[in-house]
Amino acid sequence: MIHKKERDSVPEHVVLLSDWTNEKPYEVQRSLHYATDWYGIRKGAAQDYLAAIKEGHFGTKLANERKRMLAMDVSDVAYDRMLANGKTEENVPGYRAGQRVRLRVINGSSSTYFWLRWAGGKMTVVANDGQDVEPVEVDRLIVGVSETYDVIVTLPGSGKYEFSATSEDRTGRTSLWLGDGEKLGLAPMPKLKYFEGMKMMNEMMKGNGDMKDMGMAMTNQTMDMNGVMYQEKMDSLVTLNYGMLKSPRKTVLPDGPVRTFKWTLTGNMNRYVWTVDNKTVSETDKVLIHHGERVRIVMTNWTMMRHPMHLHGHFFRLLNGQGDYSPLKNVVDIMPMETDTIEFAATESGDWFFHCHILYHMMSGMGRIFHYTDSSGSAFSPIPGIADPKKALRKIYADDREIRPAASVGLESNGSDGEVMLANTRYRFQAEWRVGTDERKGYETESHIGRYLGKMQYWMPYVGWDFRYRRISDVGEKSLFGQTDTKDHRNVFCFGVQYLLPYLVVADWRIDSKGYVRLQLGREDIPVTSRLRMNFMVNTDKEYMVGARYIITKYFGISTHYDSDMGYGAGVTISY
């Protein structure tokens with residue numbers, strides 16, 4: 001939006017916030033889909049058993065795992081730097097005591113929310129998403145991904161005053177220093193109390209992964225669920241919320257028929273699948289609207305993550321209790337358990353994307369496409385600047401359909417064991433192997449391809465094959481089901497189903513093409529400490545395994561395990 005220059009205008013400075021990782025973004029996205037805990041380790045937020053015991057929350061940790069949840073987090077990625085205008089710190093000299101400055105803050109990050117604070121006292125919020133609002137004085141505010149705020153700050157005296165942007169998880173920070181002379185900074189924001197947040201999450205979550213109806217009308221950021229994790233005294237701070245934003249002019253939409261959509265924001269943190277009404281953008285049809293309608297969207301966030309929902313090509317009214325003066329926005333941050341309502345005038349044509357602006361949520365499929373049905377009679381109406389709409393749509397769909405690889409290879413003194421996986425939102429292919437150092441230890445491989453079922457994807461029916469050979473030592477041994485054991489010589493197809501039990505134990509029941517039945521229980525990545533992880537497996541073939549791994553880097557660890565077939569071994573594990 002372009003404004004006429006005012007005679008007594010306040011000097012302005014643009015502050016573009018961003019996050020920086022030394023990893024390729026593809027690797028970040030791939031890792032998130034395989035529930036890596038590496039970013040939690042890097043940030044000191046792994047929430048392992050030892051940390052839980054030290055903080056008196058071991059019961060909280062066990063309750064969390066009983067409900068099949070991984071360690072909670074506020075921000076999923078461990079970034080290497082937070083930047084303001086491309087710098088970790090920027091100096092802006094020339095401002096004097098008593099002078100006011102208008103900071104135009106843009107959150108251009110991939111996935112980081114920022115807490116904004118000013119060392120010179122209160123800030124005055126005067127615009128949001130490029131639209132003026134009635135001035136509001138606050139001590140701090142949080143800016144969502146792709147949101148913008150204009151704030152006016154005043155230098156109360158001589159010196160350099162810090163304007164600080166701290167990542168929501170409080171592990172990164174960037175600063176702007178206004179003025180000249182001695183630096184007058186802000187204390188770092190206290191670390192989050194993660195186990196307090198985990199305790200709250202346990203109370204809100206049912207055993208099947210659904211959220212409980214807590215009977216609270218939460219909306220417009222008026223109740224910050226993360227507040228239980230804050231160490232600072234909240235009653236002494238004025239924190240901005242959407243309910244405080246008021247347009248200086250009426251924003252009532254033109255008359256027209258009202259079309260209402262009610263959507264839930266849904267997700268599966270374990271597999272990093274983010275959806276609207278449990279469907280990715282590629283799994284849904286376009287949302288049909290008509291030119292001249294008033295389109296209203298009621299969204300409830302049933303996940304434990306914030307979602308900055310952004311609509312392309314339109315401003316919308318955020319219905320926040322300000323009546324005719326509801327603020328105009330193009331991004332709305334929807335906090336966990338919140339229900340927010342927006343409405344916009346359908347005045348355009350063609351297709352317009354509506355999506356979560358956290359990069360990795362958007363690429364996982366959290367979005368919808370609005371289509372103006374009277375733009376053309378064609379399903380793919382011509383869109384200016386897009387030569388091939390069908391190809392463009394396939395490109396959008398390709399993000400959440402992407403097949404992502406992962407692997408783990410153990411090289412130890414008793415042989416090698418490992419697995420390779422290829423998976424997308426709904427399907428997974430997995431190939432496992434164990435190779436011993438002699439014929440008695442033998443070799444074996446199992447491969448499966450399956451489809452995840454259910455909202456939380458606890459179920460996965462699969463088909464596959466199992467081939468193994470070792471020199472027979474226990475001829476005629478019976479399984480726990482009384483069948484003659486074939487674990488030493490097997491070449492079969494199999495059909496089965498995996499199910500995620502409480503405490504994150506995977507139960508695997510299958511029957512093979514010769515009628516042999518096996519039940520297996522196992523769990524990987526048991527967090528004893530931040531870097532020490534254990535795993536186990538036991539099945540009705542009377543096979544068992546227990547192991548440990550010490551994580552050195554994201555891709556490398558020292559490992560050891562005992563296997564009933566291969567014996568004891570120690571070495572290294574390479575993960576991808």
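Here is a quick tour of some helices, the nonpolar cores, the ring pairs and two single residues in this structure. Keep in mind that the model is predicted. Its largest nonpolar core counts 93 residues, and there are 16 aromatic pairs to look for. If you want a place to begin, try helix H5, which is largely enclosed by the rest of the structure because eight of its eleven residues are buried.

**The nonpolar cores**

- In the largest core, with its 93 residues, the ones that touch the most other members are Leu103, Leu141, Leu178 and Phe370.
- Helix H5, which spans residues 194-204, gives this core its largest share, at six residues.
- Take Leu103 as a sample of what goes on in there: setting aside neighbours within four places in sequence, its contacts include His13, Val15, Tyr149, Asp150 and Val151. Val153, Phe163, Leu176 and Leu178 are also in contact with Leu103.
- There's a second, separate core of five residues, and among them are Val281, Phe353, Leu393 and Tyr397.

**Helix H5 and its surroundings**

- The buried residues of H5 include four methionines you can pick out by number: Met198, Met200, Met201 and Met204. Tyr194, Phe195, Gly197 and Asn202 are the other buried ones.
- What covers those buried residues? Part of the answer is helix H3 (49-54) and helix H4 (58-66).
- Glu196 also sits in H5, but it counts as partly exposed because its relative accessibility is 29%.
- Beyond residues up to four places away in sequence, Glu196 touches His57 and Val228.
- For a sense of distance, look from Glu196 to Val105: their C-alpha atoms are 31 Å apart, with the two positions 91 residues apart along the chain.

**Helix H4**

- H4 has its own buried residues, namely Thr60, Lys61, Ala63, Asn64 and Glu65.
- The cover over them includes H3, H5 and strand S31 (517-527).
- Right after H4 comes Arg68, and this residue takes a positive phi of about 65°.

**Helix H7, a two-faced helix**

- H7 runs over residues 389-401, which is 13 residues. From first C-alpha to last it reaches 18 Å, close to the 18 Å expected at 1.5 Å a residue.
- Which residues of H7 are buried? They are Pro389, Leu393, Tyr397 and Asp400.
- Looking down the axis of H7, you'd see these buried residues fall within an arc of 65°, so they line one face of the helix.
- Turned away from that buried side is a face carrying the exposed residues Lys391, Arg394 and Lys395.
- The buried residues of H7 pack against helix H6 (359-364), along with strands S23 (367-372) and S24 (404-412).
- Two of these buried residues have come up already: Leu393 and Tyr397 belong to the second core.

**Ring pairs**

- Phe261 and Phe370 make an edge-to-face pair, with 6.1 Å from centre to centre and 65° between the planes.
- That pair links distant parts of the chain, since Phe261 is in strand S13 (residues 258-268) while Phe370 is in strand S23, 109 residues apart.
- Both Phe261 and Phe370 are buried.
- Trp263 and Phe354 form a tilted pair: their centres are 6.1 Å apart and their planes make an angle of 35°.
- Trp263 lies in S13 and Phe354 in strand S22 (residues 351-356), so this pair ties together parts that are 91 residues apart in sequence.
- Are Trp263 and Phe354 buried or exposed? Trp263 counts as buried at 9% relative accessibility, and Phe354 counts as buried at 1%.
- Ring pairs join Phe261, Trp263, Phe344, Phe354 and Phe370 into a cluster.

**Ser164, a buried serine**

- You'll find Ser164 in strand S10, which covers residues 159-167.
- Ser164 is buried, with a relative accessible area of 0%.
- The side chain of Ser164 is joined to that of Arg173 by a polar contact of 3.2 Å.
- Not counting residues up to four places away in sequence, Ser164 touches Trp115, Leu116, Arg117, Arg173, Thr174, Ser175 and Leu186.

Definitions and conventions. Residues numbered from 1 in each chain as written. Predicted model: local features only at pLDDT ≥ 70, side-chain atom pairs only at ≥ 80, totals over all residues. Heavy atoms only, no water. Helix = DSSP H or I, 4+ residues; strand = E, 2+ residues; numbered from the N terminus. Expected span 1.5 Å × (residues − 1). Buried < 20%, exposed > 50% of the residue type's maximum accessible area, 1.4 Å probe, protein only. Arc of directions from axis to C-beta. Contact = heavy atoms within 4.5 Å. Polar contact = N/O pair within 3.5 Å; in protein donor to acceptor, adjacent residues only side chain to side chain. Core = buried A, V, L, I, M, F, W, Y, C linked by side-chain atoms within 4.5 Å. Phe/Tyr/Trp six-rings, centres within 6.5 Å; stacked < 30°, edge-to-face > 60°.
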